[in-house]
Amino acid sequence: MASATRATPDTLPAWQTLTQHAQSLQRVHLKNLFGDDASRWTNFTRQVAGLTLDLSKQRWDDDTLEHLLALAHEAGVPGAIDALLSGKRVNVSENRPALHTALRLPADAVLNVEGHNVVSDVHESLAQMERLVQRLHAGQWRGATGKPIRHVVNLGVGGSDLGPLMVTHALTDYRPKDIHPVEVHFASTMDGSQLADYLSRFNPETTIFVLSSKSFTTIDTLSNANTARDWLLGRLSNHGDVLDGSLQTRTHANPVSAELVIRQHFIGVSASPDKMSEWGIASDHQLMFWEWVGGRYSLWGTIGLPIALVVGMENFRELLAGAHAMDTHFRHAPMEDNLPVLLGLAGIWNVNFLDIRAHSILPYDGRLEYFAAYLEQLEMESNGKSVTSQGKAVNYSTCPVLWGQLGPNAQHAFYQLLHQGTQPVVCDFIAPLKRYDEVEDPDTRRHLKAQHRLALANCFAQSRVLMLGDDALEDDGPRPEHKRYRGNQPSSTVLLDKLTPATLGALIALYEHKVFVQAVIWDINPFDQWGVELGKQIATDTQAIIDGEGDLSRMDASSRGLIEAFWAAEQE
């Protein structure tokens, strides 16, 4: 993605030009940019794959975009896009490709990576996943005591949890009808609180667990998995009574072997088949993915098993098709019409030239409740870096701080800061244009559509107020100072024609590629996460000390005090 001799981005000619250009725009208000350009909406809006991207409320003009596009060319963005999508080793620190886009290639595509067509491997894994999904949807997957499975609990963390959780919630309207009812749940917290709730309510005879971990060494996931295994074995094997977790009663059943319990109640998803087998997961219940897929980019493959269980394989493939449509656009569209490139350049402009280092994600659709959390991981784990891809410290800002919430709720929470706070914030508003067409009852449909119009009115109004401030109001006389608001806060709006598997796939891919574009310009590697790995290592060392197996004296005073406080609490 970056050569050893590449200049740092802040030394590129276009960067220097943009620095000077930004000074001329610092005091230009968005309302004036709109007033001076009647065609601004047309100039800064693009459409593709069921999405409309409105960048007209960014604090830039035609010259800004021209300079940013020059920066993208000087930084090598076109070549980097080709390298990413053709399987080059763009993950330079780990010396491997980043081929999440291969997970959504159609079956007849060919992508040779170092002499091997990875597309056939991808579709073989999807076919195996489809077989497992069909068994569960047909009620043919039986637990160790012969009862059909009703509950599937996904045990994962990070990308193995957030992606599937976000998508299953967003696409809940697309549950297939006339299948055996299977409910999907998620447990990620290492303290066991989520899992404990499920274990207190579910029947072990009809519950299975999906262990999702790329390395199959993630302590959070394995801790939950070991607890689930002990819960199952304690109730299903080596005795004649089965505890019904939902009813808290015992029903007579024949004892079953531990081997059968593990086989019928666990599915593994990992890039480490040996570790899955060592843990006890049957080989035909193992789903594969690969080292060249980062965890936060993995929902498109077998980590997406919970998605397929909720929406069915047909809709899962539509999700992949929507993402692939965005991949194709990203690869072939001219830079000036390329949605991920334009969205990425808007971020570069805000962070590096307008000094706006906070970014809020604001969906106006309850089905996108987890989308902000998903983007927090995608962007901050990818681009939260302070060294270049060659290991040199940067002297410019990289990823902003991201946070967000459902827009209608956030309006009553932190919008006050957006409108009148001292911290400048750029916002992304996201909403579908159409909703509730499928509701059969005409009266209910009419009321729900009215609510959708209300949500859109608020979405459009909030970006308008961020732009214009109190000038958005008709002149109602002098206003006290505490009611004054200058506006001039930039925002982007992404409209989906309708929230479907395909448009959601395109939306996620849009942001994935935006992150990549920014990483290329900042000359950082978005596909490693050494800070996360360091935290895991230190946590393991600290756990050993808490368990009395390490040297407390080598800890700092604060950590020693915290550990001793825990020990004292245990003795009470």
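## Arg-201 and helix α8

Arg-201 is partly exposed in this predicted model. Its relative accessible area is 39%. That value puts Arg-201 in the middle class, because buried means under 20% and exposed means over 50%. The residue belongs to helix α8, which covers residues 193–201. The side chain of Arg-201 makes a polar contact with the side chain of Asp-197, at 2.9 Å.

Helix α8 also has a place against a sheet. It lies across β5 (151–155), β6 and β7. Relative to β6, helix α8 runs at about 145 degrees.

## The five-stranded sheet

The strands that α8 crosses belong to an open sheet of five strands. The order is β6-β5-β7-β10-β11, and the pairing is parallel. Strands β6 (183–187) and β11 (286–288) stand at the edges. Each has a single partner strand, so one side of each is left without a neighbour in the sheet. From one strand to the next, the twist averages 20 degrees.

Within this order, β7 (residues 207–212) pairs with β10 (residues 266–270). The two strands run in the parallel sense and share four bridges. Phe-209 stands opposite Phe-266 in β10. In general, strands of a sheet pair through backbone hydrogen bonds, either parallel or antiparallel.

## The β12–β13 pair

Another parallel pair joins β12 (residues 358–363) and β13 (residues 401–404), over four bridges. Ser-360 stands opposite Trp-403 in β13.

The chain crosses from β12 to β13 through helix α14 (residues 371–383). This β-α-β crossover is right-handed.

## Nonpolar cores

The largest nonpolar core has 122 residues. Which members touch the most others? They are Phe-371, Leu-504, Leu-507 and Tyr-511. Helix α18 (residues 501–522) supplies the largest share of this core, with 14 residues. Apart from this core lies another, of 24 residues. Its members include Trp-231, Leu-236, Ile-262 and Met-276. As a rule, nonpolar side chains in soluble globular proteins tend to be buried together.

Phe-371 links several parts of the chain. Leaving out residues up to four places away in sequence, Phe-371 touches Met-166, Ile-361, Pro-363, Ile-430, Leu-507, Ile-508 and Tyr-511. Among these, Leu-507 and Tyr-511 are also listed with Phe-371 as residues that touch the most other core members. Phe-371 itself falls within α14 (residues 371–383), the helix of the β12-to-β13 crossover.

Technical notes
Residues numbered from 1 in each chain as written. Predicted model: local features only at pLDDT ≥ 70, side-chain atom pairs only at ≥ 80, totals over all residues. Heavy atoms only, no water. Core = buried A, V, L, I, M, F, W, Y, C linked by side-chain atoms within 4.5 Å. Buried < 20%, exposed > 50% of the residue type's maximum accessible area, 1.4 Å probe, protein only. Contact = heavy atoms within 4.5 Å. Polar contact = N/O pair within 3.5 Å; in protein donor to acceptor, adjacent residues only side chain to side chain. Pairing = 2+ DSSP bridges. Axes fitted to C-alpha atoms, helices over the stretch in contact; angles between N-to-C directions. Right-handed = clockwise from strand over helix to strand, strands pointing away.
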